[in-house]
Amino acid sequence: MVGARRARGTAATAYARFIIRRVLLSVLVILGVLVIVFFLARVIPADPAGLWAGPHAPPEAVERARGELHLNDPLWTQFYYYIEGLSRGDLGISIRTHDPVWQDIVRTLPPTLELITASLILSILVGIPLGVAAGIRQGSWVDHGMRFFAISGVSVPSFWLAVILQLLFVTSLGLLPTNGYVSETVLLTYPLKRVTGSIFVDALTQGNVRVLADWFWHLILPAITLASYPVGLVARMVRTMMIEVLGENYIRTAKAYGLPARFVHYRYALKNAVAPAIVALGLSFAYSLTGAFLIEYIFAWPGIGQFAWYSSITFDYPAILGVALVVAIFYVVVNLAVDLLQAFLDRRIVLEKREA
Amino acid sequence: MSGSTAPGPEAPPPPRKRPWMWIVIAIVVVVVLAGAGAYLVLFQPAPAKVPTVVTYATSSEMVTLDPSTEFSNSILILPNVYEGLTRFNPQTQSADPLLATSWTKTPDGMNWTFTLRQGVTFHDGTPFNATAVKFSVDRTIRMGGGAAFIWGAVDHIEILGEYQVKFVLTYPAPIDWIATSGYAAWIFSPRTPGWDTPGNDTVKDQEMAKWFEQGHESGTGPYMLDASQYSTTRVVFERFDAYWGGWREGQFDKAVILRNADPAQREASLKAGEVDITIDVPVLDLPQLRNDTSVRVLTTPSYRAIYAFFNTGRRPTDDPLVRQALAYAIPYDDIVTAVVGGLGDQSRGIIPKGMWGHNESLPQYEFNLTKAEDLLRQAGHPNPNFSLRFTYTLGDLFEQKFGELWKEKLATLGITMDVVGLPWEQQWTEAQGGPDTAQDIFVMYWWPSYVTPYDFLFNMFHSASYAYFNLGYYRNPTFDATIDEAVSLEATDRDMAFQMYSQAQMMLYNDLPGLGIVDLQNLYLLKADLRGFQDNAGYPLVVFFYQLSR
Amino acid sequence: MTAEVVELGIPARWKAFVNRHRPAYNEARRAWRLLRKDPLAVFGLVIVVAFVTVALLAPVFAPYPAEGRGQSNLANRLLPPSLEHPFGTDDFGRDLLSRIMFGANIELQVGLFTVFLAFPIGVLLGVLAGYFRRGIGEGIMRVTDMFLAFPPILLAFVIAAALGRGTYAIIVAMAVSFWPWYTRLVHAEVLRVRSLPYVEAAVAAGLPHRRVLLKHILPNAITPATIQASMDIGAAILIGSALSWLGLGPSPPAPDWGVMFNNAYLSGSLITYWWLGVFIGMPIFLVVLAFNLVGDSVREILDPKLRRRRIL
């Protein structure tokens, strides 16, 4: 943003410097996260060698596992091997699933992405109109109602909401499936070739409508549950921004000139109000990767959140590190994108001002 | 953030309103989407024949698939795709013929000759014969992983004929029972890919292991694994048409094992019709489930029990009187009714009820707070105000509630017990650290690798297992000698072995390094229209899909 | 204002204090008046007050205090709501209403202590980062970024597990996740404030750093963070209950709401035993909602940009 304000004739170089600096810092941040996770995870005295060997494995098998997993080496050595593996693109083998970690991540990331995207779309579709309506009518009962709804969304415990929704839609109304990604019978009757980890992508590209519909049906409840927080967030932000913008002089001027209120609101006010909301959403995107875990657990959605949890609770160090890496990368990438977007938007607004 | 200046003294002209344009666009979009959707749905090729599927929802992941080294939860998979020489029969408590039709042994129990079934083929087309048996068991012994120790008595295997194989042992052992094991006793094809790699045996074994881990199998069982769909949480089976046992009307073409760690979700899935059979639903739901005609509740004896170990190496639990007092403070009946929902019995001795080695005439501790107080006084603690650390596996409801109830009773005696749930790895690591730093009370389940009391007594109380699974830190040479001898008598004099096992359990009753709390029952929930299911305690929680029909 | 003042008495000292900080005092009074007018804020305040009262005085209010603390009553297991047990009983026969009341205390601790821990650390670091921009400031912001880039579950799990789980472990784990947000907010505000003329004047006049920081920068920069903190009490209770639900919280039979919900969830169908699901989850929702409503209304009132419109 600082770069954008300074940029008049030297826009390109300013941007370039800005981006390079941010990327370098991002790499530093990611490394920092890895170091912290690596050593922090070892603080707890737990031995995943038994996990590798099996629940009733004899002591020799567990000893052997310890050797194979390099668990007896000093910590810095283990860290060195890990970084060395990383540079080759090798994230290690998950102690719990015995699969390469990157494979597990590739398998579990798409479902979470589907869930988050769906909840983001939902929160935009619902949150923005709510926020606008509340902002325009500040102080009225419409505003109070919207505020209550939005703040409820942010306050409700997701595990409770999930249970209530299941009670309502599954048991009482019998409309939606309880949990799961896609129904077994549908998957076996209309076989789908799993190419990517995402049923949405696979079903769409293979024209398998039944599976797609079934997937969508399973998506509804978890997406709604996950969307409760962002909806509240977006609605509140948009409302705040609307109020702020509507108080600006140029809005009053436009209305004084007889421009219809609705035109003024949607053409001028909304644009400025929405930008920060998008920013906030972008940031929450990165969090939802693992923050969606509770919902993934309750709805048996095979995403990376529940993978992160099971890895944590079994002290599956390679998997824990892998997840931390992925989330950190997402976070810095999203941050970078958001900052660029803000700079870009700001510049446009600056130009618009000068035209008028 | 926004703070822009006024657009200037002249307002821009308002746009012409054309709402009808947007309406037209909306209608067109809707029509196009609807048309595309209808086209796709109507012209979606219907499957030629809908396969019949049975689905089993279980609680644990199925990670390893190597029949020689698998020693964990994939036992749910392997008995459906592989077979062993024999299969355990829980009703008669003996070994039934499976891939072997009959067998003889020399009176000293050191030579076992098996006659094999003819007309059996592996899924890859290779015929089953004595070579396959030797190949499989040799590889298992050679790799030495998993439960390979069950073959510890085997010196070598001789092929006497195409369908005759002899096991020559270094000490007597009941090979017919050992071959029933759900671990390390599977027979697989000598033409398993990976065996043809150039190199020594170790290299070949590793290549085969890699092939297995990708989701393949090379067994003789009624079902085959669909490797393209294998994941640790979802396993798909297909019918093996050339299975030697033949197929009847109503059996399933496909089977699926799904994993859902949450008991409430498993129950919900079954009731919603998405799953046909599942295990371990919340016990508090049993009353309504029993009244629900669309499902069937099945409780069967298992060889699983909950055990509590006392840290015998540190105060205050190093005093046997204190340990006995603590044992008298456990509300056994409440645990059976309130915690386990009636699906179990208080343990008697160490061997679970229904398994050979369980002795009904062994004594039990009972809930008696007065006795507990007396014992504490005798031990020199008239006003006990020590505190104990009780750890259990986080997420396990039975263990947690057992701890809560025990804690409450101990509080009336003045003893504080801290009930701490930890992930298994953490809990076990703490206990393995030795009596000085370990918890005071350690709780876990046990179930046998193959049906023998030795598995329980050796792993949990033999000094060789000290600080491994012997987490009472018990060291008693007499006990060790008794069970070591008993196991060697299993092949030749079972009655004597039984007596010796009972003696060993009496030693444990008196010394009390640990005790069994509850012998659990298996809890299955099935759809009412599923027929043929029979639980086999020798293969914990395994569903043999071949039995099932609708 | 009457002239009846007791020499050197408390009323006099109070009046003197008020006079010294007249603008802030008027501000506060105005805020309170506006707050009273907002129905959502009133609703929230009522609940907050009720919550705190119950949390502090649970033994007084609870119909079955012993059961509230954890004593089982196995004869009464899983009774639906009735006159004797307005919320029904749980799987060990304990009166649910009493359990919830005793649990309020734990939740209050979780909410308050998390913020009390995270706020000072975050604000201090934010002020330092904003004031000493190069060097320390850069370093602090990088570390803040690192903590923000952490997957929160892993962080919470690792810390809570390392500290041996329990209420205090959760508090620390959450505080470690929360402080970066305050740092960021305060950092941005400090950057804004330090470019104000009178601050620059103070620096130019050669005032020591500490004085500038304490008297000029801190009071102005702290407002957004304070508002955030008031809402974070609710967030801490929410996340704390989720962490307890996962098993990182206090051991049973502690009446922590998250632990209780998890117990109920695993023990039996929340359809049959509906009172468990509804009455354990509802208080969490209401309390968090209340804190958020109050915080949101306070922000509404204190934020100058929002206020302008209201005056029109």
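Let's start with a sheet in chain B: four strands form an open sheet in the order β4-β5-β7-β6, and the pairing is antiparallel. Strands here are DSSP runs of E with at least two residues, helices are runs of H or I with at least four, and both are numbered from the N terminus. Two strands pair if DSSP finds at least two bridges between them. Which strands stand at the edges? They are β4 (100–105) and β6 (154–161) of chain B, each with a single partner strand, so one side of each has no neighbour in the sheet. On average, neighbouring strands of this sheet are turned by 20° against each other, direction ignored.

A quick word on what you're looking at: this is a predicted model, in which local features need pLDDT of at least 70 and side-chain atom pairs count only at pLDDT 80 or more, while totals for chains, interfaces and linings use all residues. Residues are numbered from 1 along each chain as its sequence is written, and chains are lettered from A and ligands numbered from 1 in the order in which they are written.

Back to the edge strand β4(B). With β5 (residues 111–116) of chain B, β4(B) pairs in the antiparallel sense over 5 bridges. If you want a spot to click on, B:K105 has B:W112 in β5(B) as its bridge partner. Helix α3 (residues 130–143) of chain B packs on the sheet, touching β5, β6 and β7 (164–169) of chain B, and its direction makes about 170° with that of β6(B). Such angles run from 0 to 180 degrees between N-to-C directions, with axes fitted to C-alpha atoms, for helices over the stretch in contact.

Now find β16 (residues 441–446) of chain B. Strand β12 (residues 295–310) of chain B pairs with β16(B) in the antiparallel sense over 6 bridges, and there B:I306 is matched with B:Y445. Strand β14 (residues 387–393) of chain B pairs with β16(B) too, but in the parallel sense, over 2 bridges. In that pairing, B:F390 has B:I441 as its bridge partner.

Zooming out, chain B has 15 helices and 17 strands. Of its 550 residues, 49% are buried, meaning that 20 or more other C-beta atoms, placed from the backbone, lie within 10 Å of a residue's own (12 or fewer is exposed, in between is partly exposed).

How many residues of chain B are in contact with chain C? There are 21, and they meet 18 residues of chain C. Contact means that C-beta atoms, placed from the backbone, lie within 7 Å. The largest share of chain B's side, 5 residues, comes from α11(B). That side divides into 10 nonpolar, 5 polar and 6 charged residues. Nonpolar covers Ala, Val, Leu, Ile, Met, Phe, Trp, Tyr, Cys and Pro; charged covers Asp, Glu, Lys and Arg; the others, Gly among them, are polar.

Last stop, chain C. The axes of α3 (residues 39–61) and α13 (residues 274–302) of chain C come within 8 Å and cross at roughly 130°. Why do we call α3(C) and α13(C) oblique to each other? Angles under 35 degrees count as roughly parallel, over 145 as roughly antiparallel and 65 to 115 as roughly perpendicular, so the rest are oblique. The residues of this contact divide into 13 nonpolar, 2 polar and no charged. Finally, α12 (residues 257–267) of chain C is mostly covered, with 10 of its 11 residues buried, among them C:W257 and C:F261.

Methods. Two residues are in contact if their C-beta atoms, placed from the backbone, lie within 7 Å.
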